[in-house]
Amino acid sequence: MQSTRSGATGGDESERTTSSARLLAWVDQVAALTQPDSIVWCDGSLAEHDGLTRQLVAEGKLIRLNPEWRPNSFLARTDPRDVARVEDRTFICSTDPDDAGPTNNWSEPAAMRAELDRVFEGSMRGRTMYVVPFSMGPLGGSISQLGVQLTDSAYVVVSMQAMTRMGRAALELIEAGAEWVPAVHSVGMPLLEHDGARTDDVVWPCNDTKYIVHFPETREIFSYGSGYGGNSLLAKKAFALRIASVMARDEGWLAEHMLLIRITSPEGNAYHVAAAFPSACGKTNLAMMRPTLPGWHVETIGDDIAWLRPGPDGRLWAINPENGFFGVAPGTGITTNPTAVETLWGNTIFTNVALRDDGDVWWEGLTDTPPAHLIDWRGEDWTPESGRPAAHPNSRFTVAAAQCPQIADDWDAPEGVPLDAIVFGGRRATNVPLVTQAASWAQGVFMGATIASEQTAAAEGPVGELRRDPFAMLPFCGYNMADYWSHWLKMGEKLGANAPAMFRVNWFRKDEDGSYLWPGFGENSRVLAWMVARLEGTADAMSTPVGQVPVDGALETDGLEMSEHQLDALFAVDPESWLAECDLTEEYFEQFGARVPAALHAELASLRYHLTH
Ligand code: OXD
Ligand code: MN
C-alpha cells in the first residue's frame, strides 16, 4: 500500500504523512480494515482540486460543463438509488437507548461496531483512500472544531474542498494538539474481489446496504454505501449537527440547523438573525434575501447551520461552521433567488441537474420557460413534453460561500457575530400567524419545539396532517429531543437578559380559497423590519394567546395591495383550531415521557388557558 501526499506521483511507504501519532494510528487501523490500494493525504490545494476533477472527468464520473457558460464547473449524476439522505439508515449509537430518544434510530454500540467491521472489511479494495483534514468554522476560531474524514470517493474530496476549510492548515492544528472528530466513509463498492479479480468501476459507485452511524459518546462517525452528499459529506449533517449537538449539550453551547444573516436598517443599524426552517420552507431564499423595503440590506453569513456560543460579554455569538453551500437546485430561480443563481456562475459542482445542449445546466424553476431539449438527470433525452422533471427534485449545487455576491465581508470572522434574534419557521396553511414574538425564552423554546409543516400534497401523507420538526432538528439532533429542549431552556437561563429575542414566522398561511395570503420572498423584509423595530423598542406588539403580534399599522404593508380581510386572516387566532392543535402537541410530547421539561408543559397549559379565557 502506498501512502502519498496529494499531487505527488510516486509515494513511499516510509514517508511521514503526519506527526500526530493518534491520527496516524487511526489511518493505519482503518486502512488495515478497508484495504485500499493507496492512501492520499489531501492538502486542500488548487492543484489537488484540479487533479482530482480531471481524474473524475477522465473516469466519466464528472462531466465538465461548457467553460464559456460555467467555468471550472461539473455535473455529477448519481445512481438513481442514491439521491437523498437515508433517515431510516441513520443511527445514534449511545450506550443508553433513551439518550438517543424516540425520534432517532438507536442501535446497541457493540453490535453496531461489529456490523461496521463486517461491512467495511475490504470495502476500499482496489480504490484510493483519501485522508481529508478539515476545520468547521474559521481555522483556529474559538467556536470552530476540527475533523478528519477518510473516504474512497474523490467526488467527496472535491466537495469537501468547497464545504469545509480542508487541507494542510487543518492538519497543522491537529498536529499542534487540537481535538478532532474522526469520520470514515466508503461507497461500499470494492474493485478487487477477495480472489484478487478486478471489477470495473461504475460512474456512481454505491451499495444497496447503507449505514450512517454516530457514536455520540466517543464522537465518531461512520458512513457506508452512499456517495450522495447528505450521507457522504460527513462534516455537514453528521458532524456539524448530530455530533456537534452532543458536544454543545456537554459544553454549554448550541449546534443548530439555522441560517444566519445580518440585516441592516436604512439608519445603518445592523442586527444578526439565526433562523430554523424545516426543508422546503424557503430557507435559502431567506438566507440570500433581497429586501423590497427601500434602504434595507440583508447579508448572508450561512444558509444551513449555525453554531452559537456565549461570548465573554455574556451574549450569544454565532458562526456558520461551513465553508460552502450544498443547496437544492430546483426552485432556485433567476427571479426567486437571483443571489443564489449569481453565486453559481462557476467553480460549482452540480449533482443530478439537467444538462443543456450548450453544455450548461438547467433545473425546474431556474427559468420560467424550459429549454426545448435537455439531457435529464438520469442521462436520458428530455423535452418539455416528457412529463417528468428534468432535474431530480433533490438535485444540488456545491459551491464556496465566498462566491455569494451578498456574503457579509466578515462572514468568516473567527469570533462570529453577536446574535440579536432567533426565528422559527414552518409551512402552515392554517393557525400560525405571519409573525409572532415570544414573550419569554420559554415561550420561544415552546415555539421551536412545536415547529411543524402541514402536508399539502397527498404524496407527503394525509393532507392537513402536521409533520413535526422541532427546531428543524428532527433528523439532526444527536441525542434525546426532550433533553435538547431542556438544554435550550438552560441556555436561556444562562444568557438571562443577554438572550436574543425569539420569533416565529409563517410565510405560507392560506385564505379560505386556498391562495397564499402573503407574497413572501423579498417582501419578507417587512417582517424583518418589524422584528428590528421590536429590538429597537420602536414598535408596539399586541398579546395573543399564541404570542405577540404587530399592533395595527406596525407592519409596513404600503405597496402590497392587501385587503383588510387578508391582513386579518394573516394574523387570526382561532381558539378552536388552536385548542385542537394543543391536543396534538400534548400527544406529540407524550412519546418523550418524563423527559419533557416541565417548562414546556407549563407553556402548553398557559396556551390552553389563554385560548379559553
Ligand atoms: C439539507 C437538509 O440538505 O436539511 O440541508 O436536508
Ligand atoms: Mn439543511
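Two strands pair if DSSP finds at least two bridges between them, and the strands (E, at least two residues) as well as the helices (H or I, at least four residues) are DSSP runs numbered from the N terminus. The model is predicted, so local features need pLDDT of at least 70 and side-chain atom pairs count only at pLDDT 80 or more, while totals for chains, interfaces and linings use all residues. Residues are numbered from 1 along each chain as its sequence is written, chains are lettered from A and ligands numbered from 1 in the order in which they are written, and side-chain values use heavy atoms, with hydrogens and water left out.

**Exercise 1. The sheet around S13**

Task: Find which residue of S17 is the bridge partner of Leu254, and place both strands in their sheet.

Solution: Begin with the order of the open sheet, which is S13-S17-S18-S26 with antiparallel pairing among its four strands. The edges are S13 (254–256) and S26 (417–418), each of which pairs on one side only. Between S13 and S17 there are three bridges in the antiparallel sense, and the partner of Leu254 in S17 is Leu308.

**Exercise 2. Helices across the sheet**

Task: Determine at what angle H8 runs to S13, and likewise H12.

Solution: The axes are lines fitted to C-alpha atoms, for helices over the stretch in contact, and angles run from 0 to 180 degrees between N-to-C directions; contact itself means heavy atoms within 4.5 Å. On this basis H8 lies across S13 and S17 and runs at about 160° to S13. Helix H12 (residues 481–495) lies across S13, S17 and S18 (316–319), at about 125° to S13.

**Exercise 3. Salt bridges of Asp304**

Task: Explain what the salt bridge between Lys236 and Asp304 ties together, and decide whether Lys236 is buried or exposed.

Solution: A salt bridge is a side-chain nitrogen of Lys or Arg within 4 Å of a carboxyl oxygen of Asp or Glu, and the structure holds 34 of them. In one of these, Lys236 meets Asp304 at 3.0 Å, N to O. Because Lys236 lies in helix H8 (residues 235–251) and Asp304 in the loop between S16 (297–302) and S17 (306–310), the pair ties together parts 68 residues apart in sequence. Next, apply the classes of relative accessible area (buried under 20%, exposed over 50%, partly exposed in between, with a 1.4 Å probe and protein chains only): Lys236, at 5%, is buried, and Asp304, at 10%, is buried too. Finally, Lys237 also forms a salt bridge with Asp304, at 2.7 Å, N to O.
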